[in-house]
Amino acid sequence: MPWELKSDRPIYSQLIEQIELRICSGVYPLGSKLPSVRDLAQEAAVNPNTMQRALSKLEEDGLLYSNRTSGRFVTEDVNMINQVKNKLAKEHVQIFLKKMTELGFDYEEILSIITTLAEEMKK
Amino acid sequence: MSNILTCRNVTKVFGSKVAVNDVTLDIPRGKIVGLLGPNASGKSTFIKLCNDLLTPTSGEILIDGNRPGIETKKIVSYLPERNYLNDWMKVSDIIGLFRDFYSDFNEEKAYDMLKKLNINPKDKLKTMSKGTKEKVQLILVMSREAQLYMLDEPIGGVDPAARDYILDTILSNYNENATIIISTHLISDIEKILDEVVFIKEGKIVLTKTVDEIREETGKSVDSLFREVFKC
């Protein structure tokens, strides 16, 4: 999964989102050990201090925890990850709804478009 | 001491031209700092002052508590804006020279980077393109285990692929106690790796902020802000 960073928003908050996404999608599975700050920074091509800040924030939020001697791990708490998933889903849907209303659709139309497309994808 | 570089009211005057104007600046250890300004804003002059190639007209510069001189040269790895290496030498000769000159030079690292960039150590500098020469110089500078790196336009002449490798090299060689100061106007390429940016305009510092502060406060990239501040 490549790191996608936009240039008009703080790097720090984008790193948090991207790591959350990686945890939700299982790139970093429950309870697994994260790569080191330096390796992550290099992978994302960002400043190590910025990566460190993002990881500290995720630790504060409880999604990561660090073990003093052996590194930083993903939480084993499934509920917590589900919460993050819901939060991310909500954000995506909000953006989507905003765009659709800008295009002039009302909510019923949007729902019917989604249902139709979902049906098609099932096939 | 937490600051690797301290400048107090540093001014440099050439004849009637003020190149660096009353610069006061503290740069802590362990940071990657971008010194950003348009052409002729005093970036190179400032870096030369820090490396004892020029003497300030007034004010004081301290690097790890010392004025620029022999002691500071031991801990500062400087990439000048132009090529100063002898054209007739082979890369391996120059590596030997650096090894003799600087006790913190890591020869293995230098050869490793040359290999990654497909540069033959047996080639003479004379036979190389401008971009390759620049790469060689940067490799030499980054192979020192210095406390302060001052890179004057390190990525100007190299292609985007090599630029990525160089930025990667800067990140992988980075250690928590070393500070890297990069002067450039190719901002969009490097802003992701910077902690702080210093905008310099007509010899004066006009802004010092972290990259994320700029993005948060203005909703713009450092590159776009630069274009605004220095609009011609």
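**Close-ups of a two-chain predicted model**

E20(A) is buried, with just 4% relative accessible area. Keep in mind throughout that this is a predicted model.

**View 1. E20(A) pairs up with K87(A) in a salt bridge.** The N-to-O distance here is 3.1 Å. E20(A) sits in helix α1 (residues 11–24) of chain A and K87(A) in helix α4 (residues 78–102) of chain A, so this pair ties together parts 67 residues apart in sequence. The two ends sit in different accessibility classes: E20(A) is buried, since its 4% falls under the 20% cut-off, while K87(A) counts as partly exposed at 37%.

**View 2. R9(A) and E17(A) form a salt bridge.** Their closest N and O atoms are 2.7 Å apart. Both partners are partly exposed: E17(A) has a relative accessible area of 31%, and R9(A) comes in at 32%.

**View 3. A hairpin in chain A joins β1(A) to β2(A).** Strand β1 (residues 64–67) and strand β2 (residues 71–74) of chain A run antiparallel, with 4 bridges between them. Look for L64(A) opposite V74(A) in β2(A). The link between the strands is made of 3 residues.

**View 4. Chain B has its own hairpin, made by β1(B) and β2(B).** Here 8 bridges hold strand β1 (residues 3–14) of chain B alongside strand β2 (residues 17–28) of chain B, again antiparallel. T6(B) has D26(B) as its bridge partner in β2(B). Between the strands are 2 residues, and G15(B) in the turn has a positive phi of about 60°.

**View 5. T45(B) is a buried residue in chain B.** You'll find T45(B) in helix α1 (residues 43–50) of chain B. Its relative accessibility is 14%, which is why T45(B) counts as buried. Leaving out residues up to four places away in sequence, T45(B) touches K12(B), F14(B), A19(B), V20(B) and L54(B).

**View 6. R227(B) and D223(B) meet in a salt bridge within one helix.** Both residues belong to helix α9 (residues 222–229) of chain B and sit 4 residues apart, about one turn of the helix. The N-to-O distance is 3.0 Å. R227(B) is exposed, with a relative accessible area of 56%, whereas D223(B) counts as buried at 14%.

**View 7. R99(B), D100(B) and E107(B) are linked in a salt-bridge network.** For context, a search of the whole structure turns up 25 salt bridges over all chains.

**View 8. Chain B meets chain A through 22 residues of chain B and 20 of chain A.** About 1500 Å² is buried between the two chains, with carbon and sulfur atoms giving 45% of that area. K192(B), D212(B) and R215(B) supply 41% of what chain B buries against chain A, more than any other three residues.

**View 9. R53(A) reaches D212(B) in a salt bridge across the interface.** The closest N and O atoms are 3.9 Å apart, and the rule finds 1 salt bridge across this interface. On the polar side, 13 residue pairs are in polar contact between the chains, both residues being at pLDDT 80 or more. In chain B, α6 (160–173) and α8 (211–218) each supply at least two residues of the side that touches chain A. By class, that side of chain B has 6 nonpolar, 6 polar and 10 charged residues.

Note on methods: Residues are numbered from 1 along each chain as its sequence is written. Chains are lettered from A and ligands numbered from 1 in the order in which they are written. This is a predicted model: local features need pLDDT of at least 70, side-chain atom pairs count only at pLDDT 80 or more; totals for chains, interfaces and linings use all residues. Side-chain values use heavy atoms; hydrogens and water are left out. Buried means under 20% relative accessible area, exposed over 50%, partly exposed in between (1.4 Å probe, protein chains only). Contact means heavy atoms within 4.5 Å. Buried area is the accessible area (1.4 Å probe) that two parts lose on being put together, summed over both. A salt bridge is a side-chain nitrogen of Lys or Arg within 4 Å of a carboxyl oxygen of Asp or Glu. A polar contact is a pair of N or O atoms within 3.5 Å; within protein, one must be able to donate a hydrogen and the other to accept it, and residues adjacent in sequence count only if both atoms are side-chain atoms. Ala, Val, Leu, Ile, Met, Phe, Trp, Tyr, Cys and Pro count as nonpolar, Asp, Glu, Lys and Arg as charged, and the others, Gly among them, as polar. Two strands pair if DSSP finds at least two bridges between them.
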